[in-house]
Amino acid sequence: MKDDPFFVGYLRVPPGLRLFLTATCLLLLVGAAGLAYALSLTQDDPGQSRPRFDFGPQTVLGVLELTPSPILHVTQGNDTIPEGQTLMLAGQGKNGAVERAMELEGQLVQATGVLFDRGDLGMLQLNGGNAFRAAEDQSAIPDIPEPEPLGRWEITGEICDGKCEAGAMRPGRGIGHRACANLCILGGIPPVFVTTQPIEGEAFLLITGEGDEVLPPALIDYVGLYVTLEGDVARHGDMLVLTVDTETVELAR
């Protein structure tokens, strides 16, 4: 048996084993690639969403509302953002825009930033400096739609941060994104609820908190998980806003 080929890691591969080891390595590479492809097919399509840096900085006028997350009812849009669209607002990175928006609530404001969009979910990431300010003429603030109550709903889905879900990350949801979503929400990024079934034709609902809280503290532990909850839904412009009854939140089965 001393003439049988024998592999030793620090020696050259015996001629009799070279073909076998080459075939084994190729088989492992092909198998790993096939397994990765098969796993990718089980994942949901993240959809057409991304930061639209290709559009360049977007400047719009609109009336600011705090829910307490800031949203902008666009009253003067452009070729990319139409008049009548309602946009969530956020700062750069994992920072919200609540503090910048508090003194501008109810006013006509000019906002410049980068657009994020996923379907009917839109967000403007505000530029720094003077890119977010009260419009010079406040004498005739345009009317915006009054919030329209849509009743109480029991819904199932996931609590996400609005920025990553709108396109900062792909797919921006799920257990693998949970830590990132928590950091974004704790930084003031508007939280959204992604439903499994559309509510009044919408798949995304902006979540409201109490007072200055962007998200009720009781919901932090449920971010990124599949949950069922109840709450009151109201339409603010073209965006649905969900006031969660925190006593009803539970992991979905």
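**Close-up 1. Two threonines meet side chain to side chain.** In this predicted model, the side chains of threonine 228 and threonine 156 are joined by a polar contact of 3.0 Å. Threonine 228 belongs to strand β11, and threonine 156 is its bridge partner. Is threonine 228 buried or exposed? Threonine 228 counts as buried because its relative accessibility is 13%, and the cut-off for buried is under 20%. Look around this residue and you will find more company: leaving out residues up to four places away in sequence, threonine 228 touches Glu154, Ile155, Thr156, Thr248, Val249, Glu250 and Ala252.

**Close-up 2. Strand β8 has a partner in β11 and another in β9.** Start with strand β8, which covers residues 148-161. How many bridges join β8 to β11? There are nine, and β11 (residues 226-236) runs antiparallel to β8. Now turn to strand β9, residues 191-199, which is also antiparallel to β8 and is joined to β8 by five bridges. One pair to find here is aspartate 161 with proline 191, a residue of β9 that stands opposite. As you follow any strand like these, keep a simple rule in mind: side chains in a regular strand alternate between the two faces of the sheet.

**Close-up 3. Five strands close into a barrel.** Trace the strands in the order β8-β9-β10-β12-β11 and you have gone around a closed barrel with mixed pairing. On average, neighbouring strands of this sheet are turned by 50 degrees against each other, direction ignored. Which pairing in the barrel is parallel? One example is strand β10 (residues 202-208) with strand β12 (residues 239-251), which pair in the parallel sense over four bridges. To spot this pairing, find isoleucine 207, whose bridge partner in β12 is leucine 242.

**Close-up 4. One cavity is enclosed in the structure.** How many cavities of 30 Å³ or more does a search of the whole structure find? The search finds one. The largest cavity holds about 50 Å³ of space. Its lining is made by Asp120, Leu121, Glu202, Phe204, Asp238, Met239 and Leu240. The elements giving two or more residues to this lining are β10 and β12.

**Close-up 5. Helix α4 has a buried side and helps to line a pocket.** Helix α4 covers residues 178-186, and its buried residues are Cys180, Ala181, Asn182, Cys184 and Ile185. These buried residues pack against β8, α3 (162-168) and β9. A handy rule for reading a helix is that an α-helix has 3.6 residues a turn, so residues three or four places apart point the same way. After α4 comes glycine 188, with a positive phi near 105 degrees. The second largest pocket has a volume of about 210 Å³. Of the 14 residues that line this pocket, Ile185, Leu186, Gly187, Gly188 and Val214 lie nearest its centre. Both α2 (98-101) and α4 supply at least two residues of the lining, and α2 gives the most, with three residues.

**Close-up 6. Proline 142 sits in a loop before β8.** This proline lies in the loop between β7 (132-134) and β8. Proline 142 is partly exposed, with a relative accessible area of 30%. Setting aside neighbours within four places in sequence, proline 142 is in contact with Val63, Thr75 and Leu108. How many residues apart in sequence are proline 142 and threonine 22? They are 120 residues apart in sequence, and 72 Å apart in space from C-alpha to C-alpha.

How values were computed:
Residues numbered from 1 in each chain as written. Predicted model: local features only at pLDDT ≥ 70, side-chain atom pairs only at ≥ 80, totals over all residues. Heavy atoms only, no water. Pairing = 2+ DSSP bridges. Axes fitted to C-alpha atoms, helices over the stretch in contact; angles between N-to-C directions. Buried < 20%, exposed > 50% of the residue type's maximum accessible area, 1.4 Å probe, protein only. Polar contact = N/O pair within 3.5 Å; in protein donor to acceptor, adjacent residues only side chain to side chain. Contact = heavy atoms within 4.5 Å. 1 Å grid on protein atoms, 1.4 Å probe; cavity = no way out; pocket = protein on both sides within 12 Å on 5 of 7 lines; lining within 4 Å. Points joined across faces, edges and corners; volume = space filled by probe spheres on them.
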